[in-house]
Amino acid sequence: MTATSAPDLTVRPEALLLDFGGVVFETRKRPEAMAEFAAHVAQVLARAGHAVDPEALVPVLQGGKKALSDWKNAASRRPHPRELTHREIWRDFYASPLPPAEREVLVGEAGELQEWITLAVSEHVVRPGIRELLALAAEIDIPVGIVSNAHGGRAHRRLMERHGLAEHFGVQVYSDEVGIRKPNPDIIELAAAALGTTAARSWYVGDTFDRDVACARRAGAAAVILTRHHSTDRVPFAIADVPDREFATPEGLVPLLRATRPGAFAPPAAPAPVEDSKLPSALLLDHGGVISTSTQDPAGRRGFAHDLAAGLRRAGWHLSDADAEAVVRETVAAHKQWKKDRRLDAEDGAVPEIDPTTYWVGLAAPLVEARVVGDHAGVRAWLRAEAHALSVAWGRIKSVSTLRPGVRELCVAARSAGVPIAIVSNTVSGRSVREKLAAHGLDHLVGASVYSDELGRRKPDALVALTACRALGVDPARAVLVGDKPANDVVSARGAGVGTAVIVRGGSLADAELDAILADPDSPQRPDLVVEEMGELIDALHLRP
């Protein structure tokens, strides 16, 4: 996103947040550093009894440096990237090609190695204007902080001390110490909070577009300022965000900051006024029991079991068709118990969904192994390799879906009224549900899809309904969620702040059970509205032209 309006740079910020490299320090690469570092790494290995030629380590370390640089660029594409640990850097990047014993030695020394290379790879010179800027900030009582992507934060702290700068900073935030990296906006908010303010009342100064400018925009900084450095124009991909001011060096910041005066920051933009309309902001529809009713398909299940047995036999694991049918039945029962257990064990409302590997390796594999003679590790390997394909195939045939009366008319009416639709479904295969919607001719009417196997959480977890509202960009308080299981659908809607929870009869819940819930005014599963058929919602939600 780009800046939508020019900030008032006459209002004095409550904090000044500076990047380390490119703002506080200018870095100059030392060409000889890699050979020196290889010699140091060889010494570390020698202490553990591993004799390695330093010259042989140079290409290994250079390869790790290049791979790490590529990772950094890729991380800049993520909205909330985390930072690598020192051990990850050495296990997965620098030392990954080495024999396991040598790699383990270096992983164990990762923190020291990162400090060494950070100090050795570049010369660090305080940039012009920084000392004057820090003196001015102290004079006008503005706290200053460092916000830096660093794989050697402790080396940066040493450099700050060595150059007499540490005492001028109220906080130093380094990504390898806090576990998140720019452009994750939380790292700027963390620094601002440590100085007793917020990003919205702070100026941020960096030297890159993809990490600094993008991060400050996401954090909502009061001003985003760029000081050019040798990395400024090395943008790995197009960035729409632009700074509010740009200077060749930090010297340009001094008169800008000096000209500020204490004053009030502009309040956050008011939310758009809610339309005076009876229309909901969105329609969140469950699939099974709501869009369609499902009946078990015994023939389809037998066919699936026989295909499972045939697949195992092709790989050399003999499972009879009859045994495969038993495996499928028992895995379904084990899955029901798995869901019940996870719901009972849920903390803070977080209810996980099973993934294909857990379903087929964790639940089905022991049942197959009990019926197959041979290497059970091989059976598990086969089920792990085929798990996703098996889940899709199972989702397609385990039941026959019939479109409920009125669903098509409801979806068309919602689309005509400008009310977006999202699917919020607990399923082992969102892919198979998408195929069923397409077969019913409804896929073009769906704006967003939230399937539990893809999200990793299942209703009654509020995240399911909340994710749908986020995807559609709507206010949950004005949304409507339609389901058939009060224990899942109503509870998820309530947790997400969805304004209206609707239950449609004729799904998986018996009418007598629903009536018992309706009779209890204090039940957390009690819906706001109950309908017999989906078409009733066209008038109930004012969707008819």
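Which residue in strand 15 does Gly483 stand opposite? The legends below belong to a predicted model. In it, Gly483 stands opposite Ile503 in strand 15.

**View 1. Strand 14 and strand 15 run side by side.** The two strands, strand 14 and strand 15 (residues 500–504), are parallel. They are joined by 4 bridges. One facing pair is Gly483 and Ile503 of strand 15.

**View 2. Strand 14 is enclosed.** Of the 5 residues of strand 14, 5 are buried, so the strand is largely enclosed by the rest of the structure. In a regular strand, side chains alternate between the two faces of the sheet. Here both faces are covered. Ala479, Leu481 and Gly483 are buried on one side. Val480 and Val482 are buried on the other. Strand 9 also pairs with strand 14: the two run parallel, joined by 4 bridges. Leu284 stands opposite Leu481 of strand 14.

**View 3. An open sheet holds 6 strands.** The strand order is 13-12-9-14-15-16, and the pairing is parallel. Strand 13 (448–451) and strand 16 (529–531) stand at the edges. Each has a single partner strand, so one side of each is left without a neighbour in the sheet. From one strand to the next, the twist averages 20 degrees.

**View 4. Strand 12 meets strand 13, and helix 19 packs on the sheet.** Strand 12 (residues 421–425) and strand 13 run parallel, joined by 4 bridges. Ala422 has Ala448 of strand 13 as its bridge partner. Helix 19 (residues 462–472) packs on the sheet. This helix touches strand 9 (282–285), strand 12, strand 13 and strand 14 (479–483). The direction of helix 19 makes about 155 degrees with that of strand 12.

**View 5. Helix 3 crosses helix 5.** Two packed helices are described by the angle between their axes and the distance between the axes. For helix 3 (residues 86–94) and helix 5 (residues 110–121), the angle is about 80 degrees and the axes are 8 Å apart. That makes helix 3 roughly perpendicular to helix 5. On the helix 3 side, the contact uses His86, Arg87, Ile89, Trp90 and Tyr94. They meet Ala110, Gly111, Leu113, Gln114 and Ile117 of helix 5. The residues of this contact divide into 6 nonpolar, 3 polar and 1 charged.

**View 6. The largest nonpolar core has 36 residues.** Those with the most contacts inside this core are Leu16, Leu18, Val24, Met160, Phe169 and Trp203. Several elements each supply at least two residues, among them strand 1 (15–18), helix 7 (153–162), strand 6 (202–206) and helix 11 (253–258). Helix 6 gives the most, with 5 residues. A second, separate core has 29 residues, including Leu312, Ala324, Val328 and Val379.

**View 7. Leu18 has many contacts along the chain.** Beyond four places away in sequence, Leu18 touches Val23, Val24, Ile130, Leu133, Val144, Gly145, Ile146, Val147, Phe169 and Val205.

**View 8. Leu253 is buried in helix 11.** Its relative accessible area is 0%. The cut-off for buried is under 20%, so Leu253 qualifies. Leu253 touches Leu133, Trp203, Val205, Ile225 and Phe247, with residues up to four places away in sequence not counted. Leu226 is 27 residues from Leu253 in sequence. In space the two are 9.7 Å apart, C-alpha to C-alpha.

Technical notes. Residues numbered from 1 in each chain as written. Predicted model: local features only at pLDDT ≥ 70, side-chain atom pairs only at ≥ 80, totals over all residues. Heavy atoms only, no water. Core = buried A, V, L, I, M, F, W, Y, C linked by side-chain atoms within 4.5 Å. Buried < 20%, exposed > 50% of the residue type's maximum accessible area, 1.4 Å probe, protein only. Contact = heavy atoms within 4.5 Å. Axes fitted to C-alpha atoms, helices over the stretch in contact; angles between N-to-C directions. Parallel < 35°, antiparallel > 145°, perpendicular 65-115°, else oblique. Nonpolar A, V, L, I, M, F, W, Y, C, P; charged D, E, K, R; others polar. Pairing = 2+ DSSP bridges.
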